[in-house]
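Student: I'm new to this one and would like some help reading it. Could we go through the features one at a time?

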2 protein chains.
Amino acid sequence: MLSVFALDGIAEIVSGDDLASIIGDAAEGRLQDGDILAVTSKVVSKAEGRMISALDREQAITDETVRVVATRAYPGGVTRIVENRLGVVGAAAGVDASNTPHGTVLLLPVDPDASARVIRSVLSARFGLRLGVIITDTLGRAWREGQTDVAIGASGVVVLEDLRGSTDAQGRSLEVTLPAVGDEIAAAADLVKRKASGLPVAVVRGMGHLLDEAAPGARVLVRPSEKDMFRLGTDEAWHQGFDAGRAARD
Amino acid sequence: MLSVFALDGIAEIVSGDDLASIIGDAAEGRLQDGDILAVTSKVVSKAEGRMISALDREQAITDETVRVVATRAYPGGVTRIVENRLGVVGAAAGVDASNTPHGTVLLLPVDPDASARVIRSVLSARFGLRLGVIITDTLGRAWREGQTDVAIGASGVVVLEDLRGSTDAQGRSLEVTLPAVGDEIAAAADLVKRKASGLPVAVVRGMGHLLDEAAPGARVLVRPSEKDMFRLGTDEAWHQGFDAGRAARD
């Protein structure tokens, strides 16, 4: 049995807020041992002072970009799929201009795994419970329409189960062996957080078997670009190949 | 509040089984108005007789493939990312050789939206409840490690919310506007189904606002390849470009 509920009573977060304590106040009397808290990265960023003044959102995206994966022009702008500092591939490098004051943008947390560790440590100590924390962000996907929430930070919870070596009922090795449970938890939490907008934290209950103090952070969910069959957009790769093919004749 | 629980009491499904009635027997007394059932595509395929004898799994994959997106050799084989008949891009076209008898493979349902419609219709009539049904499959992703469950069939439930035109608290249009709630529901259900393996059906409760008898099926979650910035793998696109570049010099 999995249950997910949002914490109400969390007011607008501003720079310098003690987010862990604020979440703790909202969670008072509502947590159980083994719970996982899914925290929207936006409130982590706000508390950490990641709102910057930026008249030019495009420049902010450029500044946050480690590597351009693909671009496509649309009427009035350019969609940029990029790898950001965290290794995460998505549109606009996580630079968010919605729900921020005019002339400002919100960047992703500097180190969402560290942010998750602080929240977990404070709440575990306060309530005397084993807890996990996931920091979530919303990403588009290749091949599929729409967006889903994924885990960009994690502490105390396994986000990528390694079932390699497991066998099925016939004794053969399982083909699908790395369930991205961190992303699935983020997705489940989004269903609840989104339903009642303005609720940045959800409690995910019933997944206590995934708690592990020694689990690595959410970076393990990021495929290194050199291993990725889609490290460049189709058009970008085609044009690189075209140039190479033309040069090969010289 | 979202809650998800698996239905127990569903025995091994074989070709010709009346899956809707079997699920109904397992769900007797456990469903509420507004529930969404997430059904693993594997049991739908088995009931529909989609297990075929195939000494050569590779040939079965070829037969199910509409379009090759990318391939990569590994020691002992080739990973093929392909578009299957349903438009879904994934490894091995959904051809499953785990948990099937030696010498057989399991293909995806012919029309998972239709399968979902039958299950929903039978269960809605039997229990007198408004229900949604989602058929799930497990897919890898570009850029991210591991796999998550997604919706490959749906009936009676919105799988792609269209929030375009919505505005944030500052009155600006929301940038992320198409939450893929069908995939998020599939992911939430997977957390429960996977935890206790052998449970192919989960009930997702608390998402009744997504029920809509006129909602389109899961095909709306598939991005048409001509719109996709990642319609070909990087290496494949590069080589196509290279050949074109060389030819341009001739």
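Tutor: Sure, let's begin with a word we'll need a lot: a residue is called buried when its relative accessible area is under 20%, exposed when that area is over 50%, and partly exposed in between. Keep in mind, too, that this is a predicted model. Now try the rule on A92(B): its relative accessibility is 12%, so A92(B) counts as buried.

Student: Where does A92(B) sit, and what is its phi?

Tutor: Here's the general idea: most residues other than glycine have a negative phi. A92(B) has a positive phi of about 65°, although it is not a glycine. You'll find A92(B) in the loop between β6 and β7 (104-106) of chain B.

Student: And what about A93(A), what is its phi and is it buried or exposed?

Tutor: A93(A) is not a glycine, yet its phi is positive, about 55°. Look for A93(A) in the loop between β6 (89-91) and β7 (104-106) of chain A. With a relative accessibility of 2%, A93(A) is buried.

Student: Next, salt bridges. How many are there over all chains?

Tutor: The idea first: side chains of opposite charge can pair when their charged atoms come close. Here the count over all chains is 40 salt bridges. A handy one to start with joins E83(A) and R67(A), with N to O at 2.9 Å. E83(A) belongs to strand β5 (residues 77-84) of chain A and R67(A) to strand β4 (residues 65-74) of chain A, so this pair ties together parts that are 16 residues apart in sequence.

Student: Which of those two is buried, and which is partly exposed?

Tutor: E83(A) is the buried one, at 14% relative accessibility, while R67(A), at 22%, is partly exposed.

Student: Can you show me salt bridges in chain B? Where do R126(B) and E28(B) lie?

Tutor: R126(B) and E28(B) form a salt bridge, and their closest N and O atoms are 2.9 Å apart. R126(B) is in helix α4 (residues 112-127) of chain B, and E28(B) is in the loop between α1 (19-27) and β2 (36-40) of chain B, so to speak a link between distant parts of the chain, 98 residues apart. R126(B) is partly exposed, at 34%, and E28(B) is partly exposed as well, at 49%.

Tutor: Another salt bridge pairs E64(B) with R85(B), where the closest N and O atoms are 3.2 Å apart. This one links helix α3 (residues 57-64) of chain B, home of E64(B), to the loop between β5 (77-84) and β6 (89-91) of chain B, where R85(B) lies, 21 residues apart. E64(B) is buried, at 9% relative accessibility, whereas R85(B) is partly exposed, at 32%.

Student: Which residues are linked in a network of salt bridges?

Tutor: E145(A), R223(B), K227(B) and D228(B) are linked that way, with residues from chain A and chain B in one network.

Student: How do the two chains relate to each other?

Tutor: In general, two copies of a chain are related by a rotation about an axis and a shift along it. In this model, a turn of 180° and a shift of 0.0 Å along the axis lay chain A on chain B, with an RMSD of 0.0 Å. The two copies are therefore related as by a two-fold rotation axis. The same surface serves both: 100% of the contact residues of chain A recur in chain B.

Student: At what angle do the α6 helices pack?

Tutor: Helix α6 (residues 234-247) of chain A packs against helix α6 (residues 234-249) of chain B at an angle of about 35°, and their axes are 6 Å apart. The crossing of α6(A) and α6(B) is right-handed. Residues making the contact include W238(A) and F242(A) from α6(A), and W238(B) and F242(B) from α6(B). By type, the residues of this contact are nine nonpolar, eight polar and three charged.

Student: One last residue, please: what does S45(A) touch?

Tutor: S45(A) is part of helix α2 (residues 41-47) of chain A, and S45(A) is buried, at 1% relative accessibility. Leaving out residues up to four places away in sequence, S45(A) touches R50(A), L106(A), L107(A), L108(A) and P109(A). For a sense of distance, S45(A) and D25(A) are 20 residues apart in sequence and 19 Å apart in space, C-alpha to C-alpha.

How values were computed:
Residues are numbered from 1 along each chain as its sequence is written. Chains are lettered from A and ligands numbered from 1 in the order in which they are written. This is a predicted model: local features need pLDDT of at least 70, side-chain atom pairs count only at pLDDT 80 or more; totals for chains, interfaces and linings use all residues. Side-chain values use heavy atoms; hydrogens and water are left out. A salt bridge is a side-chain nitrogen of Lys or Arg within 4 Å of a carboxyl oxygen of Asp or Glu. Helices (H or I, at least four residues) and strands (E, at least two) are DSSP runs, numbered from the N terminus. Buried means under 20% relative accessible area, exposed over 50%, partly exposed in between (1.4 Å probe, protein chains only). Copies are superposed by least squares on the C-alpha atoms of residues with pLDDT of at least 70 in both. Contact means heavy atoms within 4.5 Å. Axes are lines fitted to C-alpha atoms, for helices over the stretch in contact, and angles run from 0 to 180 degrees between N-to-C directions. A crossing is left-handed if the near helix is turned anticlockwise from the far one by less than a right angle, and right-handed if clockwise. Ala, Val, Leu, Ile, Met, Phe, Trp, Tyr, Cys and Pro count as nonpolar, Asp, Glu, Lys and Arg as charged, and the others, Gly among them, as polar.
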